[in-house]
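Reader: I have a model open and would like to go through some of its labels with you. Could you explain the reasoning behind them as we go?

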Amino acid sequence: MLWTTFCRRGASSLRTPLGHSIFKSRSLFQTYPSRFPRTARVQSGRLPSGHDAFPSFRTQVVKTEGVSSFSARLEKPSIRKQLQFFLGVSLLAYVGAAALTESETKYWKKKLVTVSSMFQLRPPSTDEMRRARYMELGGQLKETLNQLKDETSTWPGTLRNVFLATYVRCAQTYLDWTEGRRLCFHIACLNAAVFLAWKVPRLRSFMWKSFTHDPLSGRAYTFLTSVFSHKSFLHLMANNMALCSFGSAATTYFYFQQRNNQDALPEATSIWHFLAFFLSAGMFSGLASHVVSTKILFPRLVARASTQASIRASPAASAIAGSTNVATAVSQREIMPSLGASGAVYAAVTLSALAFPDAEVRLLFPPFFPIPITTGVGGIILLDIVGVIRGWKLFDHYAHLGGAAFGALYYYYGTSWWNFARRLEAHSLP
C-alpha cells in the first residue's frame, strides 16, 4: 500500500512534455532491494543448505499419535433408546388393552345377569356378550335418530326427509360393519385429521419434526406419531382402505381364536386387542427400518464418504478411481425420514393371509380381478425385497418387511401372549 502511494506521487511529478511518465514500472524487489531482500527459490529436488524439508500437513497428521479417523470420530446413532421405547410402549399398550377388555367383559357379565335369570346359572359366552353390545349400539343410533327428528322439526319437509334418510342409511351401514371395521374407521379418521394438519403452513415444521421418524434425529416418540401421519392424499387413501379391509379381518381372527379356544377367557370385544396389535406392529416396522438405517446404511455412507475424501486428496488415486466415482455416486443410498401406517397394515395383511389362506382379494392396481390372498401378499412382499435389493426410495421397504414379519410372528405366538396378558389382568383386577 505504501509503495503504491509513492509510485502515484512520482508519476504525477515526473512527466515529459508529451505527457508520458518517465517512471518505469518495476517490481517490488527492484524498487527496494535493501529493504526487501530477494528470497531464494527452492528448486525441485534441491534444498538450500542449513534447511530441512517442510513436511506437509497430511504427513504431520499421520505422524501424530492419538488422532483417529473421520469415521471413528463421527458419533454413531444409537438404537438403545428406540428399542426401550418400543418395548415400553408395546408392553403398556397390551397391558392397557387387556385391562380394558377385562373391565368391559365384567361389565357385560353383570349387565346380562340383570337382563335374564339364565345367566345367574352360567356366565354369558363371548357370542352372547357381543350380541348384547350390538343391540346396545343399535339402540344408541336409534336414540340419536329420535333426537335429530326433534331438532329438525322446524326444517322444510323435503330437506328434513333427505337429511334423516341420509342419517338412517349411514347409521345402518355403520351398524352392519364388524367391530373391527368400526375401529379401523375411527383410526382412519384420526389419520385424516393428521393429514389435514400437514396442509397448514404454520404447522409444517412441527409436523416434520414430530410426525416423521428420522433415524438420525435421535428421537424415539416419533415411532408412535409417524404411524398416523400421511403427507400425500394417495398414501392416506391407500393405507386407510387397506386398513379397513384387513384390519377387520385381523379383528375377526382374534375373535375366532378366543371363541374356539377352550382355554381362552371369554371377552366381550376384540377391539382393544387389535388396537394394541396395530400400535405395536407400526412401531416394530419403524424400529426395523431404524435399525437397518443406523447399523447398516449409515456406516456404509460414512465409509463411502471417507473413501471419496481420501481419493480426492490424492491426484493419482483420483485419476485411477475417476470411473468408479460415478457408479458410487449413483448407488449412494440416502437415509430419509419415514411416515405412514404401511408397516401396521402389512402386519394385518400378513396375519389375515395366514389366518384365512382360502380368501381372495381384489387389488387396487393390475391385476384387478380377484386373486388368492396368499398370492397377493407374496407378490407385494417379493416387490419389497426387490426394492431393497435395487435401492428404491419411493417406499420404506424395510418398514414394510418389518411389518410383515411382525404379522407372521404374531400369527404363531400372538394368541399365547394375549391369553397370558388377559389372565394376568383377570387376577389383578377386583
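**Reasoning about contacts and burial**

Author: Gladly, and let's start with Glu-179: leaving aside neighbours within four places in sequence, Glu-179 is in contact with Arg-130, Arg-133, Thr-251, Thr-269, Ser-270 and Ile-271. Please keep in mind that this is a predicted model.

Reader: Where is Glu-179 found?

Author: Glu-179 is found in helix 8, which covers residues 179–198.

Reader: Why is Glu-179 called buried?

Author: Its relative accessible area is 13%. Buried means under 20%, so Glu-179 is buried.

Reader: What makes Arg-130 and Glu-179 a salt bridge?

Author: Their side chains meet at 2.3 Å, N to O. The cut-off is within 4 Å for a side-chain nitrogen of Lys or Arg and a carboxyl oxygen of Asp or Glu, so the pair of Arg-130 and Glu-179 counts as a salt bridge.

Reader: Which parts does that pair tie together?

Author: Arg-130 lies in helix 6 and Glu-179 in helix 8, so the pair ties together parts that are 49 residues apart in sequence. Both Arg-130 and Glu-179 are buried.

Reader: Why do you call the link between the side chains of Glu-179 and Arg-133 a polar contact?

Author: The distance for that pair is 3.1 Å. A polar contact needs N or O atoms within 3.5 Å, one able to donate a hydrogen and the other to accept it, so the label fits Glu-179 and Arg-133. The side chains of Glu-179 and Thr-269 are also joined by a polar contact, of 3.0 Å.

Reader: How do you know that Arg-133 forms a salt bridge with Glu-104?

Author: The closest N and O atoms of Arg-133 and Glu-104 are 2.9 Å apart. With a limit of 4 Å, the pair therefore qualifies as a salt bridge. This pair links distant parts of the chain, with Arg-133 in helix 6 (residues 126–151) and Glu-104 in helix 5 (residues 80–115), 29 residues apart.

Reader: Arg-133 and Glu-104: buried or exposed?

Author: Arg-133 has a relative accessible area of 19%, and Glu-104 is at 19% relative accessibility. Buried means under 20%, so Arg-133 counts as buried, and so does Glu-104.

Reader: Which residues are linked in a network of salt bridges?

Author: Glu-104, Arg-130, Arg-133 and Glu-179 are linked in that network. The structure holds eight salt bridges, and one of them joins the side chains of Glu-136 and Lys-111 at 2.8 Å, N to O. Glu-136 lies in helix 6 and Lys-111 in helix 5, so this pair ties together parts that are 25 residues apart in sequence.

Reader: Why is Glu-136 called partly exposed?

Author: Glu-136 has a relative accessible area of 27%. Partly exposed covers the range between 20% and 50%, so the term applies to Glu-136. Lys-111, at 29% relative accessibility, counts as partly exposed too.

Reader: What makes the charged end of Arg-182 sit over the ring of Tyr-174?

Author: The charged end of Arg-182 is 5.8 Å from the ring centre of Tyr-174. The distance limit is within 6 Å, with an angle limit of 35 degrees from the ring normal.

Reader: And how do you know that Thr-212 is buried?

Author: Thr-212 has a relative accessible area of 2%, and the cut-off is under 20%, so Thr-212 is buried. Thr-212 is found in the loop between helix 9 (204–210) and helix 10 (222–225). A polar atom of its side chain lies 2.4 Å from the backbone oxygen of Trp-208.

Conventions:
Residues are numbered from 1 along each chain as its sequence is written. This is a predicted model: local features need pLDDT of at least 70, side-chain atom pairs count only at pLDDT 80 or more; totals for chains, interfaces and linings use all residues. Side-chain values use heavy atoms; hydrogens and water are left out. Helices (H or I, at least four residues) and strands (E, at least two) are DSSP runs, numbered from the N terminus. Buried means under 20% relative accessible area, exposed over 50%, partly exposed in between (1.4 Å probe, protein chains only). Contact means heavy atoms within 4.5 Å.
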